[in-house]
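Me: I am new to this structure and would like a short tour in questions. Please keep the replies brisk.

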Amino acid sequence: MGQAETLNKNSKTYKIELRNLKLEDYNELKELMNKCYKGSGPGNAPWTKEQIKTLLNKFPEGQIVITVNKKIVACALSIIVNYKYFGDEHTYRQITGNYTFSTHDPNGDVLYGIDVFVDPEYQGMRLGRRLYEARKELCENLNLRSIMVGGRIPNYYKYAKELTPKQYIEKVKSKEIYDPVLSFQLANDFYVRRILKNYLRGDVESKEYAILLEWPNIYYNPEKKLFNRLKSVVRVGLVQWQMRNFDELETLLEQVEFFVDAISDYGSDFILFPEFFNAPLMQKFNHLEKHEAIRRLADYTIPLRDAFIDFAVSYNINIIAGSMPIVEKGKLYNISFLCRRDGSFDSYKKIHITPDERSSWGLEGGNELKVFDTDCGKIGILICYDVEFPELARILADQGMQILFVPFLTDTQNSYNRVRLCAQARAVENECYVAIAGSVGNLPKVENMDIQFAQSAVFTPSDIAFPTNAIKGETTPNTEMTLIVDLDLDLLKELHIHGTVTNLLDRRKDLYKIQWLKK
């Protein structure tokens with residue numbers, strides 16, 4: 001987006017440009033927000049740089065500014081939502097995901113206006129109209145069915161003792177009363193859909209009322225995609241892996257392929273292997289010191305990754321390839337690979353290292369965390385000990401994670417229960433699914449990997465639409481087997497907005513926050 005024109009007014013020349021917002025604009029944008037009004041963001045404060053960065057990462061084309069002589073003087077912010085999950089009774093906090101914009105859905109059907117503000121010194125130049133025309137053009141180009149906004153009624157407080165909100169709207173429509181927001185929206189072809197109560201907390205001028213307004217896109221074409229649609233029900237398979245002697249990589253890969261073949265035959269979208277499932281290959285290095293043996297095991301990692309990529313494509317399944325050691329620039333990490341069925345792959349390095357992993361093997365922690373996009377939604381990966389740190393899963397949840405995969409390796413029931421109980425807590429507090437998969441059996445010929453205990457499982461949030469024990473399925477303890485479950489992602493979206501409790505929405509961000517510090 002980029003439109004420019006020159007305007008002569010009162011013997012002055014104005015060069016006006018409409019373009020997309022950039023992160024480097026933030027300081028200038030903040031000055032504008034402070035100048036326009038107090039309530040530009042949550043808690044009557046300007047949007048933070050982190051929030052603007054999130055909007056730009058999620059939906060850069062929806063963030064629009066107007067510059068006059070290269071100075072930012074107007075801005076419109078928006079997201080795309082799947083409107084059926086919100087309906088006509090929602091709050092500003094709900095529609096914005098508690099101001100995290102986790103509600104943005106690139107496959108949604110409605111362009112929702114989050115904010116519009118214009119420098120008071122430039123309000124006679126009809127810049128607001130230009131912003132709205134740009135929004136309409138964006139809505140048409142993206143083939144969205146409408147634009148919706150929750151419009152404040154900032155002059156209502158002057159008439160609240162005499163008029164109901166409905167009466168106030170009618171008088172604004174008949175031009176008996178002027179309201180700077182509602183009058184503007186009506187003049188821009190928006191129609192009143194309904195009155196919203198308690199829409200924006202702390203909006204004293206509007207008495208916390210808002211008017212839900214809609215501009216219908218008459219060019220909207222509700223085409224149905226016949227394939228490559230994001231699925232609402234996702235099938236997940238877990239491998240509870242039996243530790244046994246494997247002399248060579250080819251022998252281990254035969255067992256891997258057996259499980260991939262079996263689980264893909266059930267039409268699964270994902271398969272999860274355990275942490276360090278390839279440990280049996282260390283037996284040929286058992287004569288070495290532990291820290292040397294694990295580095296020799298790392299020699300198999302890239303060939304294993306490449307084999308998993310081939311399996312993912314051949315069997316049409318997304319594979320979370322457990323975890324395995326890798327050496328990069330002389331440092332030893334514990335890495336998990338996401339091998340997608342389109343042939344692409346991503347990776348995640350375990351961030352939190354246990355005292356034994358550090359002392360016995362010399363493992364170091366990774367320093368990157370992100371949500372991975374797949375053809376079946378957004379997923380996260382945490383390796384074993386990582387799931388015992390709630391901050392990581394919360395950061396992933398704020399990025400829209402729907403399913404968290406946790407490959408683990410535990411030797412005793414105490415260790416296992418730490419992973420299990422923490423994983424179940426992550427599912428409840430982050431309103432997501434969590435799948436954990438571990439190994440069973442023993443490896444008498446591999447130092448530091450003698451015994452294993454596991455009961456793999458898939459956990460759910462705890463609400464009416466989910467199992468009463470918040471467990472979708474679990475394996476028999478200490479038995480080699482698979483677990484296959486179906487996960488309804490639409491239930492998560494409904495839970496975020498209409499749950500008995502709404503953990504993500506109800507956080508007191510005015511009191512505390514979780515922030516990723518590594519840039």
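Me: Where is Asp265 found, and in which loop?
Reply: This is a predicted model, in which local features need pLDDT of at least 70, side-chain atom pairs count only at pLDDT 80 or more, and totals for chains, interfaces and linings use all residues. Residues are numbered from 1 along each chain as its sequence is written, and side-chain values use heavy atoms, with hydrogens and water left out. Helices (H or I, at least four residues) and strands (E, at least two) are DSSP runs, numbered from the N terminus. Asp265 sits in the loop between α7 (249–264) and β10 (270–272).

Me: Is Asp265 buried or exposed?
Reply: Buried means under 20% relative accessible area, exposed over 50%, and partly exposed in between (1.4 Å probe, protein chains only). Asp265 has a relative accessibility of 61%. Asp265 therefore counts as exposed.

Me: Which residues gather with Asp265 in a patch of negative charge?
Reply: Patches are made of residues with over 30% relative accessible area and no salt bridge; like charges are joined within 9 Å, nonpolar side chains (Val, Leu, Ile, Met, Phe, Trp, Tyr) within 5 Å. Asp and Glu count as negative. The patch is on the surface, and Asp265 shares it with Glu250, Glu254, Glu257 and Asp261.

Me: How many helices and strands are there in the chain?
Reply: The C-alpha trace spans about 90 × 50 × 45 Å along its principal axes. Of the 519 residues, 53% count as buried. The chain has 13 helices and 23 strands.

Me: Why is strand β6 largely enclosed by the rest of the structure?
Reply: Strand β6 covers residues 146–152. The strand is largely enclosed because, of its seven residues, the number buried is six.

Me: In β6, which residue is the bridge partner of Val110?
Reply: Two strands pair if DSSP finds at least two bridges between them. Strand β5 (residues 110–118) and β6 run parallel, joined by four bridges. The partner of Val110 in β6 is Ser146.

Me: Lys70 and Asn98 come next. What is the phi of Lys70?
Reply: Lys70 lies in the loop between β3 (64–68) and β4 (71–81). Lys70 is exposed, with a relative accessible area of 76%. Lys70 is not a glycine, yet its phi is positive, at about 70 degrees.

Me: Is Asn98 buried or exposed?
Reply: Asn98 is not a glycine either, and has a positive phi of about 60 degrees. Asn98 is found in the loop between α3 (92–95) and β5. At 3% relative accessibility, Asn98 counts as buried.

Me: Which residue of β17 does Gly380 stand opposite?
Reply: Gly380 belongs to the pairing of β16 with β17. Four of the five residues of β16 (residues 377–381) are buried, so this strand is largely enclosed by the rest of the structure. Three bridges join β16 to strand β17 (residues 403–407), and the two run parallel. The residue opposite Gly380 is Leu404.

Me: How many residues does the hairpin from β15 to β16 pass through?
Reply: Strand β15 (residues 372–374) and β16 run antiparallel, joined by three bridges. Thr374 has Gly377 as its bridge partner in β16. The hairpin joins the strands through two residues.

Me: What separates the C-alpha atoms of Leu392 and Gln515?
Reply: Leu392 is found in helix α11 (residues 390–398). Leu392 counts as buried, at 5% relative accessibility. Leu392 and Gln515 are 123 residues apart along the chain, and their C-alpha atoms are separated by 9.9 Å.

Me: How many salt bridges does the structure hold?
Reply: A salt bridge is a side-chain nitrogen of Lys or Arg within 4 Å of a carboxyl oxygen of Asp or Glu. One of them joins Arg193 and Glu214 at 2.5 Å, N to O. That pair links strand β7 (residues 191–196) with strand β8 (residues 210–216). The salt bridges number 33.

Me: Is Glu214 buried or exposed?
Reply: Arg193 is partly exposed, at 30% relative accessibility. Glu214 has a value of 4% and counts as buried.

Me: How far apart along the chain are Asp486 and Arg235?
Reply: These side chains form a salt bridge, with the closest N and O atoms 2.7 Å apart. Asp486 is in strand β23 (residues 481–488) and Arg235 in strand β9 (residues 233–243). Along the chain they are 251 residues apart.

Note on methods. Areas by Shrake-Rupley, 256 points an atom, 1.4 Å probe, with all protein chains shown as cover. Charge placed at Lys NZ, Arg CZ, Asp CG, Glu CD.
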